[in-house]
Amino acid sequence: MLLAAVFLVAVYSKMRERSALRAVLRFLAPSMGPRVHALVAVAVLAAEGALAGLLIVGLSAEIVLVGVIGFLAVTTLALGVLRMRGYEGGCACFGERSARGTVGWPDLLRNGILGAVTVAALLLVVASGAETPPLWTFPFPGVAAAAAVTASVVLSYTMLDGILAVRSARRSGVSRNAVGAAKQ
């Protein structure tokens with residue numbers, strides 16, 4: 001459920017603010033034209049959306065979880081390239097909001113944690129040997145608890161992201177009034 005929620009938030013954020021993803025793609029592959037960047041952006045959104053949907057439905061969990069691991073590996077590699085090349089913007093993993101600041105260790109750590117959660121889920125699915133049922137077939141208390149944990153993780157990440165943004169703004173000499181104006 002956590003992985004599906006993360007992918008759904010990422011898709012929604014990128015669809016709302018497409019320019020951040022385009023900027024990242026232009027930096028990663030400057031020789032490709034805007035049409036190729038647009039196609040890659042659609043492919044990224046489609047992959048994230050498909051993985052989220054398949055995680056919710058519970059079809060072929062082993063294959064889907066391997067797909068998630070592959071997707072996270074590719075995006076982590078892209079984050080590493082952005083960082084090594086000195087990209088001034090953020091990762092745009094969650095739209096324009098995550099495009100502030102520069103790609104850093106929190107982005108890489110987030111992907112590492114998501115990868116570890118995915119590997120753990122894959123090992124549990126393989127060890128159980130049973131077919132993974134769709135999310136809506138689980139008892140309500142279990143789904144509610146998983147939703148609460150997922151919300152807590154997302155809120156914790158959002159708070160950490162906000163704290164790091166404020167620290168970054170202070171280091172760069174941006175006044176508190178400018179930070180408040182930027183949020184509006």
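**Figure 1. Phe 7 and Phe 71 are both buried (under 20% relative accessible area, with exposed meaning over 50% and partly exposed in between; 1.4 Å probe, protein chains only).** The model is predicted, so local features need pLDDT of at least 70 and side-chain atom pairs count only at pLDDT 80 or more, whereas totals for chains, interfaces and linings use all residues. Residues are numbered from 1 along each chain as its sequence is written, and side-chain values use heavy atoms, with hydrogens and water left out. The structure holds two aromatic pairs (rings of Phe, Tyr and Trp, the last by its six-membered ring, with centres within 6.5 Å; planes under 30 degrees apart are stacked, over 60 edge-to-face, the rest tilted). The ring centres of Phe 7 and Phe 71 lie 5.6 Å apart and the planes meet at 75°, so this pair is edge-to-face. Phe 7 belongs to helix H1 (residues 2-16) and Phe 71 to helix H4 (residues 61-85), so the pair ties together parts that are 64 residues apart in sequence. Helices (H or I, at least four residues) and strands (E, at least two) are DSSP runs, numbered from the N terminus.

**Figure 2. Phe 27 and Tyr 87 form a tilted pair, because their ring planes stand at 50°.** The centres of these two rings are 4.7 Å apart. The pair links distant parts of the chain, 60 residues apart: Phe 27 is in helix H2 (residues 18-28), and Tyr 87 is in the loop between H4 and helix H5 (105-128). Phe 27 is partly exposed, at a relative accessible area of 29%, whereas Tyr 87 is buried, at 14%.

**Figure 3. Surroundings of Phe 7 and the largest nonpolar core.** Leaving aside neighbours within four places in sequence, Phe 7 is in contact (heavy atoms within 4.5 Å) with Glu 48, Leu 51, Ala 52, Leu 55, Val 68 and Phe 71. The largest nonpolar core (buried Ala, Val, Leu, Ile, Met, Phe, Trp, Tyr and Cys residues joined through side-chain atoms within 4.5 Å) has 26 residues, of which Phe 7, Leu 51, Val 68, Leu 79 and Val 103 touch the most other members. At least two residues of this core come from each of H1, H2, H3, H4 and H5. H4 gives the largest share, eight residues.

**Figure 4. Helix H3 (residues 34-57) and its buried residues.** The 24 residues of H3 should span 34 Å at 1.5 Å a residue (1.5 Å times one less than the number of residues), and the end C-alpha atoms are 34 Å apart, which agrees. His 37, Ala 41, Leu 45, Glu 48, Leu 51 and Ala 52 are the buried residues of H3; they pack against H1, H2 and H4. Just after H3, Gly 58 has a positive phi of about 85°.

**Figure 5. His 37 is placed in helix H3.** This residue counts as buried, at 6% relative accessibility. Apart from neighbours within four places in sequence, His 37 is in contact with Leu 25, Arg 26, Ala 29 and Met 32.

**Figure 6. The chain has seven helices and zero strands.** From the N terminus on, its elements run α-α-α-α-α-α-α. The chain has 184 residues, 28% of which count as buried. Among contacts with a separation of 6 or more, 70% are between residues 24 or more positions apart. The chain exposes about 11200 Å² (Shrake-Rupley method, 1.4 Å probe; for residues, only the protein chains shown count as cover), and carbon and sulfur atoms supply 71% of this area.
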